[in-house]
Amino acid sequence: MCIFFGPNRLFTSAYPFRLDDVQGALEEVRTAARERGVAEVEWWLGPDVEPPDLSERLRRLGLRTADGPDHQPWTTAMVILDEPPGVRGVEARPVATIEELREATEVAGVAFGSPEERRERARADLDEQWELREGKYTRTFGAWLDGELVGSGRSAYVDRCSLLVSGGVVPQARGRGVYRALVRARWDDAAARGATALLVYAGAMSRPVLERVGFQPLFDIEILLDEVA
């Protein structure tokens with residue numbers, strides 16, 4: 001299995017494939033999380049996990065369906081191989097300064113309705129992110145409507161594709177093409193790097209928009225939450 005620890009204890013996820021000892025694997029993940037001060041771990045269960053009743057076993061060991069402002073109970077893996085359409089009237093591009101990165105981070109907090117404690121963690125390592133990771137392993141994008149930053153999203157670079165992460169639009173700007181513009185900007189960035197596909201894990205809100213611009217569903221993933229603190 002694989003465990004991903006995001007910056008500042010954000011987006012911590014476990015990805016099991018085949019577990020011979022379910023309880024032992026769970027304790028291993030919990031120990032690693034506690035050592036890093038992580039309070040919650042999402043377990044992403046794809047269609048081919050083994051044993052087939054892994055979800056039921058994990059629930060008996062204390063996990064529950066993920067829900068709340070920062071969690072969702074399921075997601076769909078989706079891919080696009082062809083250029084998505086552009087959007088007029090929205091400027092979407094990579095952030096150009098640390099100040100724009102900070103503003104995009106604040107916009108993401110509003111878009112996702114994140115609690116203040118989570119927003120504080122997101123702000124904590126922005127200087128390090130700008131110096132060490134931005135543009136190398138990940139890239140943050142902003143979307144401006146009438147000169148105001150109203151949407152943000154990120155790309156993570158994986159081999160010959162880019163993984164779209166955390167695309168969101170503030171409530172007052174939704175329905176005006178901002179999310180679609182962020183997708184197109186990240187496609188152009190990926191293409192410039194030689195990528196041939198965009199991947200995304202889509203929730204209930206973003207999946208219909210992504211389908212309209214050409215993304216195809218691959219499979220669904222169940223998400224369980226382990227509160228390890």
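How are α3 and α5 oriented to each other? They are oblique. The legends below describe close-up views of a predicted model.

**View 1. Helices α3 and α5 cross at an oblique angle.** The axes of α3 and α5 come within 10 Å. They cross at roughly 125°. That angle lies over 115 and not over 145 degrees, so the pair counts as oblique. The crossing of the two helices is right-handed. On the α3 side, the contact is made by Ile98, Leu101, Arg102 and Thr105. Leu126, Asp127, Gln129 and Trp130 meet them from α5.

**View 2. Helix α5 has its buried residues on the same side.** This helix spans residues 126-133. Leu126, Gln129 and Arg133 are buried in α5. These residues cover an arc of only 75° around the axis, which is why they sit on the same side of α5. They pack against two helices, α3 and α4 (116-124), and against strands β7 and β8. Gly135 follows α5. The phi of Gly135 is positive, near 85°.

**View 3. The largest nonpolar core has 36 residues.** Val90, Val178, Val183, Leu198, Leu210 and Phe215 have the most contacts inside this core. The strands that give two or more residues are β5 (74-80), β7 (138-145), β8 (148-158), β9 (161-169) and β10 (197-202). The helices that do so are α3 (98-112), α6 (178-192) and α7 (206-212). Helix α6 gives the most, with 8 residues. Another core, of 17 residues, lies apart from this one. Among its members are Ala25, Leu26, Val41 and Val228.

**View 4. Phe215 is among the core residues with the most contacts.** Which residues does Phe215 contact, leaving aside its neighbours within four places in sequence? They are Met78, Val79, Ile80, Leu164, Val183, Leu198, Val200 and Leu210. Val183, Leu198 and Leu210 also belong to the group with the most contacts inside the core.

**View 5. Leu218 touches residues far away in sequence.** Leu218 is part of strand β11, residues 216-227. Not counting residues up to four places away in sequence, Leu218 touches Ala77, Met78 and Val79. Leu81 is 137 residues from Leu218 along the chain. The C-alpha atoms of Leu218 and Leu81 are separated by 13 Å.

**View 6. Ser155 is buried in the model.** Strand β8 holds Ser155. Is Ser155 buried or exposed? Its relative accessibility is 1%, so Ser155 counts as buried. Leaving aside neighbours within four places in sequence, Ser155 is in contact with Tyr137, Thr138, Arg139 and Phe141. Leu163, Leu164 and Arg186 are also in contact with Ser155.

**View 7. Asp146 and Ser166 have positive phi values.** Asp146 is not a glycine, yet its phi is about 55°. Asp146 is found in the loop between β7 and β8. With a relative accessible area of 68%, Asp146 is exposed. Ser166 is not a glycine either, and its phi is positive, about 55°. Ser166 has its place in strand β9. Its relative accessibility is 26%, so Ser166 counts as partly exposed.

**View 8. A cis peptide bond joins Glu50 to Pro51.** The omega of this bond is near 0°. Where is the place of Pro51? Pro51 is in the loop between β3 (40-45) and α2 (54-60).

How values were computed. Residues numbered from 1 in each chain as written. Predicted model: local features only at pLDDT ≥ 70, side-chain atom pairs only at ≥ 80, totals over all residues. Heavy atoms only, no water. Core = buried A, V, L, I, M, F, W, Y, C linked by side-chain atoms within 4.5 Å. Buried < 20%, exposed > 50% of the residue type's maximum accessible area, 1.4 Å probe, protein only. Helix = DSSP H or I, 4+ residues; strand = E, 2+ residues; numbered from the N terminus. Contact = heavy atoms within 4.5 Å. Arc of directions from axis to C-beta. Axes fitted to C-alpha atoms, helices over the stretch in contact; angles between N-to-C directions. Parallel < 35°, antiparallel > 145°, perpendicular 65-115°, else oblique. Left-handed = near helix turned anticlockwise from the far one by under 90°.
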